[in-house]
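Grab the structure and work through these exercises at your own pace. Each task comes with a worked solution.

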Amino acid sequence: MKLPKLAIDNHQFTIIVFLLLVALGILSFISMPRSEDPQISPPGTNIVVIYPGATPQDMEELVVDPIEEELNELDDIKEIKSQMQDGLGVISIEFIIGSDPDEKFSDVIQKVNSVRSDLPEQILSIDYWKWESTDVKVMQVALVSDQAEYSQLEYEAERLEKMFERISGVKDADRMAYPEQEVRVSIDLPKLAQMNIPLARVIQSIQSENANIPGGNINVGPKRFNIKTSGSYDNLEELSNTVINSYNGKIVYLKDVADVYSTYQDDKYFARFNGKRSVFVTATQKEGTNIYSIIEGLDKKLDEFKTQLDDNIALEIVLDQSDNVTNRLTGFFFNLLQGLVLVGLVVLLAVGFRPAIIVILAIPISVLMGIFLLDISKYGIQQLSIAGLVIALGLLVDNAIVVTENITRFMKLGYRPEEAAAKGTSQIGWAITSSTITTVLAFVPVMLIGDVTGDFIRSMPTIVIFTLSSSLLLSLTLTPYLSSKFIKVVANDKENFIRRALDKFIASTYRKRLNFALNRPKLTVVMAVIIFIGSLGLFPLIGVSFFPKSDRPQFMVDIELPTGTNLNRTDEAAKFVESVIRERDEIKSYAANIGKGNPRIYYNVIPKNETAHYAQIFVTMKEFDEDVLENTVNELRDEFSLYPGADIKVKTFEQGPPVEAPIAIRLIGENLSTLRNVSLEIENLFRQTEGVININNPLRTTKADLKVNINKDKAAMYGVPIFEIDRTIRTAIAGITISEFKDAEGKEFDIVLRAQMDDEPTYDNLSNIYVSSVTGTQVPLAQLASIEFEASPLEINHYDLDRNVLVTADVETGVSVNETTRKIITSLEDYNWPKGYSYYVAGELESQQESFGDMSKAVLIAILGILAVLVLQFRSLSQPMIVFSAIPLALIGSFIALLISGYTFSFLAFVGLTSLIGIVVNNSIILVDYTNQLRREGKQLIEALKIAGETRFLPIIVTTATTIGGLLPLTLTGGSLWAPMGWTIIGGLLVSTVLTLIVVPVLYKLFTVEKKNRDSIF
């Protein structure tokens, strides 16, 4: 290899290039976006259809089915899910990873528009929500007051929202949890009927009076004048004086048959913070921006806003995501610093002061070069990318250690420093190149994993690949030059005690063990095989999992009451939960959302839409302590389980891609009644399974509706259109928006026509409804229809166009989701399914199987890629097999380490195992390559094996120690997410290194036939 000599001869250019790359790395580190987790979002769209008065069956037949059939014609669809409730339909379509999100969003809108003319005219709105990771709120604040009117809170919230929107990096701001203001026209329906005035006449009068139609312009001489017509209402008095009709020769004004006033809409969603009435204001982050600069801008605006706020309103911080980001990144940077110290200490003790300085110098240079490459690849700094740096930390010094060791060896042989640096590096240049390539090839398939899981972890293998590639370039260029200038040869008796101890161990213990193994090769191999097979028996004891719970000092409390429960009853349940939380000293704050989910504050938690029987409380603890959090959650679950009439669930946040629930079984069938019966029996199977909690079955209960059975014959006889009956009922009970009113400040409010009532609509209101016939006669509703109670489903769900219901559950802390799900699957297989009904496993197991399937492909690709490199290097098929013997040896250590540490084989443990494949073969490559060199120099087979083992013992041990040292802090303090990966690599590397130094020489001997003139390696 000529590159080392070229770099030494042109050392000025070499130094300048690396200084430039370091400077670019520093600039990238300063400017890169920072967040707690990767910003991931699969390409997909939600279509939200509001169709007032429609039942779930109506919504399914008239709206969802036509839209689904049209959407199903699109390409690259992964799945289509739909949910139909009273007056609401939500269709979610997800596309496969790699699809263009913007293009697919446009395709969805185009498809829905193509069937819009076939959908009911009464649909109020169709909205489209493109899935975006930047919808997660970076800040949520509460304007708190029990005295101020909602109008004042709304005004202040709107003012703060506008201040947030002007901050650089803020994608959008939003305000919520207050009732909208409206202009209410409270109509007296009996009086209207007495005057024989049709309801349609009132609506037409208001709409025509409020029309603002430009009159155009005319020319008068040389000038042009605009013509102003009557225009819209300027004030509520004008609205009250709208002429409706005449009665007994007198003009009837709107104020004669209705009360006109400004009020609030009926409560649908309201909130409290620490028990006090609140309005929330949130802000989201633009993609590719730095959360710290955004929060700094938000904090400045908040300080300014507080000085302008009235005394009766307080401003409180519900959530500041930068706190979580700081805690997470600080921990990782501390792990990185600890790893750096451990690696530096190992190198210093093993190779001496001067070589150690050169080796340690490779760390910041390689890391900064990797950060620069990561930055231009459009990734930011978050827990995955920093974890990648921690993994790379112990690996990137391997090349520098091997290079400095070999240069030192050449200097001891009498070569001049420059010549020793060039020859020493060239001798092992291709070996460390191939070993680096093999390590990189183990991470490349992980980087190419598809689906959301791949997006989640992609930055980790990417930074490892960039950093290791940078360290290889550094070791072949700058390290030889620095070694030629600073390394001095010292006598053996002047070396540090660690080096002397290792040399003594090599000369005595290792030499004896290697001689024993080489003299009994078959016994050695048999023992290794037995140990490997025995370790495979440990895997069932380890267990399998997907992603662990998140290490956040926060959790959610979901409160769900039977469908049909009004908002006041839901509020009572929420107040009970608040009263329990309030008494706990470890709780810092809690934000209650009644009628809707809390704003989205975690990347894989999607808030629930407005519904009267649901509430959610976001709880923040004073500090994160895993044991305290677990105890708090368990105690709250026990206490809330005693509350009657409500399903109260305490949920901690989960790592990884979004899933419906840890356990989720999708039941598929057409008949809703049969599907409900099946779901109840499956729910019972869930309850009989140990460790299952928070069971949710949407079809557990049905709801009773008041059905207006219209006698169509009578309606026809009286000349009353069916549409007029429906519209009149809606006007009387819910009200209808008939126009808009603009105040003096230009703010618009809906004009809502509604029957007069004391408070909320009651059953008695139905008796006061009169319907207009085509002749203008007012007919009592009771003569046209009967009112009956009718049972109906709470909701209807579709999965890929088929009716289904999703039964979900969580598991208790410490219980394996994988094992529990498989117990349920066993019960499902024994269940007597009705004809045409089946089940589909969703939840964590589905995502786990998809992701583990991708990882299995990644392992296969990694092995084949590494094999190709080794075949190219050794020009042999048997020697790559010898090198690969390190892989099963590594599995022994990985399984033992996971079993002893108590962690399961999680997805990141699988990532660690894939990475381990590329790491452990490096030791084998160094042994086999050097043995080949010695034999080419004329050494006999056994002599070459002994010399190679003893000579490469120190570099192998040191590189293993540095890798373990770099990973150890992350493994011990990285929590349940990173510990399984760390122990997988550390255990595998430790055992593989020890056994490789014995087994690889033995296999080399077995696979090599020594002849008189030459050796044959087949």
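**Exercise 1.** Decide whether glutamate 623 is buried or exposed, then place it in the chain.

*Solution.* Glutamate 623 has a relative accessible area of 60%, so it is exposed (buried is under 20%, exposed over 50%, partly exposed in between, with a 1.4 Å probe and protein chains only). Next, find its spot: glutamate 623 sits in the loop between β18 (614-621) and α22 (626-640). Helices (H or I, at least four residues) and strands (E, at least two) are DSSP runs, numbered from the N terminus.

A quick word on the numbers: this is a predicted model, where local features need pLDDT of at least 70, side-chain atom pairs count only at pLDDT 80 or more, and totals for chains, interfaces and linings use all residues. Residues are numbered from 1 along each chain as its sequence is written, and side-chain values use heavy atoms, with hydrogens and water left out.

**Exercise 2.** Work out how enclosed strand β5 is, and find its partners.

*Solution.* Start with burial: eight of the eight residues of β5 (residues 137-144) are buried, so the strand is largely enclosed by the rest of the structure. Now look for pairing, which takes at least two DSSP bridges between two strands. Seven bridges link β5 to β14 (residues 276-285), running antiparallel; there, methionine 139 has alanine 283 as its bridge partner. Another six bridges tie β5 to β15 (residues 314-320), also antiparallel, and glutamine 140 partners leucine 319 in β15.

**Exercise 3.** Find the helix that holds leucine 340.

*Solution.* Leucine 340 lies in α11 (residues 321-351). Its relative accessible area is 30%, so leucine 340 is partly exposed.
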